[in-house]
Amino acid sequence: MSDIPDSHPRAASLRLRERLVEGLRDGLTTESGLIAHGRGEALDYLLGEHTLPFAERAIAAASALLTLARRPVITANGNVAALAGRELAALAGHHPRLAFEVNLFHYTPERARRIVAYLEGLGLRGVLDWASSPNPVTLPGLDSSRRHMHPDGVAVADVVVVPLEDGDRCEALVASGRQVIAIDLNPLSRTACRAHVSIVDELTRALPVLDRHLTEDRAAPPEQLRGRLEGYDNAQTLQDAVHAIRGGFGER
Ligand code: PTJ
């Protein structure tokens, strides 16, 4: 890691870049992942690099969905593992009901194996990889490597969290009847527009907030959680996010 002083105005953003560059070096992330990160970084800059009220609302709804879920699964690609491995491990430690599954667009068995090993090295046990199962299941309507599902993971999930996802998979998951929670800084992406709950926030910032909400919701009565979901309007979330991006937050 290079030495980024805390006083650097862009320290947090530069440290995220470093996580991805390390991820590339360690064979977790692809070159395309760096480009995908640049797009997210630009949008986050326009959002003021803060978790804004529309994202807080979406995270509260996501927490209700996950708490009510029978089998909640969070999927991780190369960017997600490299950027947010520590945050995922913390989430898993606090909320053992959550399952984690590797799902890659640019799939190679070696990269999947490295991602599982990396996450397990951070303390996240039992990360699923469809290729390790003799009976992987296929998500209908999808041609990419992302169609494969582990039979104990996404295949049997009723709620799936898809951070930094491509639109095709999000659409196919929604079409399959699963509830889908996206974490995506682009409120105009097909993923954000198709998901039931779209968290328009930077992944490593959003996960600790979700962690806190999940802890608080453990004691919440189910009717209260269902009421929160009924009152949640994802179209409004996306509209507020677009408005925030277009408005900008001034020079920093
Ligand atoms: O590891 P693989 O092979 O599965 O590939 C992963 C990537 C990310 C390369 C692949 O899924 C991809 O190309 O994704 P997209 O289609 O570029 O979509 C990524 C979305 O995530 C974009 O809308 C970005 O704005 C958004 N994004 C990027 N970085 C972040 C982010 N959203 C939240 N937090 C971020 N840090």
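**Helix packing and ligand contacts**

F54, R57 and A58 of helix α3 meet Q236, T237, D240, A241 and A244 of helix α10. The model is predicted. By class, the residues of this contact of α3 with α10 are four nonpolar, two polar and two charged. Helix α3 spans residues 53–68 and α10 spans residues 234–247. Their axes come within 9 Å and cross at roughly 155 degrees. Angles over 145 degrees count as roughly antiparallel, so α3 runs roughly antiparallel to α10. The crossing of α3 past α10 is left-handed.

Helix α3 also packs against helix α8, which comprises residues 203–217. Here the axes lie 9 Å apart, at an angle of about 50 degrees. The two helices, α3 and α8, are therefore oblique to each other. Their crossing is right-handed. On the α3 side, the contact is made by E56, I59, A60, A62, S63, A64, L66 and T67. On the α8 side, A206, V209, L210, R212, H213, L214 and D217 take part. The residues of the contact of α3 with α8 divide into nine nonpolar, three polar and three charged.

A further helix pair is formed by α1 (residues 11–25) and α4 (residues 78–94). The axes of α1 and α4 are 8 Å apart, and the packing angle is about 120 degrees. That angle makes α1 oblique to α4. Helix α1 passes α4 in a right-handed crossing. From α1, the contact involves L16, R19, L20 and G23. From α4, it involves N79, A82, L83, A84, R86 and E87. Five nonpolar, two polar and three charged residues make up the contact of α1 with α4.

The ligand is surrounded by 23 residues. The closest of these are G78, F105, R111, D184 and E202. Oxygen atoms of the ligand take part in polar contacts with three of the residues named here, F105, R111 and D184. At F105, the partner is a polar backbone atom, 2.7 Å from a ligand oxygen. At R111, an N or O atom in the side chain is 2.5 Å from an oxygen atom of the ligand. At D184, the partner is likewise an N or O atom in the side chain. The distance from that D184 atom to a ligand oxygen is 2.8 Å.

Terms used
Residues numbered from 1 in each chain as written. Predicted model: local features only at pLDDT ≥ 70, side-chain atom pairs only at ≥ 80, totals over all residues. Heavy atoms only, no water. Axes fitted to C-alpha atoms, helices over the stretch in contact; angles between N-to-C directions. Helix = DSSP H or I, 4+ residues; strand = E, 2+ residues; numbered from the N terminus. Parallel < 35°, antiparallel > 145°, perpendicular 65-115°, else oblique. Left-handed = near helix turned anticlockwise from the far one by under 90°. Contact = heavy atoms within 4.5 Å. Nonpolar A, V, L, I, M, F, W, Y, C, P; charged D, E, K, R; others polar. Near = heavy atom within 4 Å. Polar contact = N/O pair within 3.5 Å; in protein donor to acceptor, adjacent residues only side chain to side chain.
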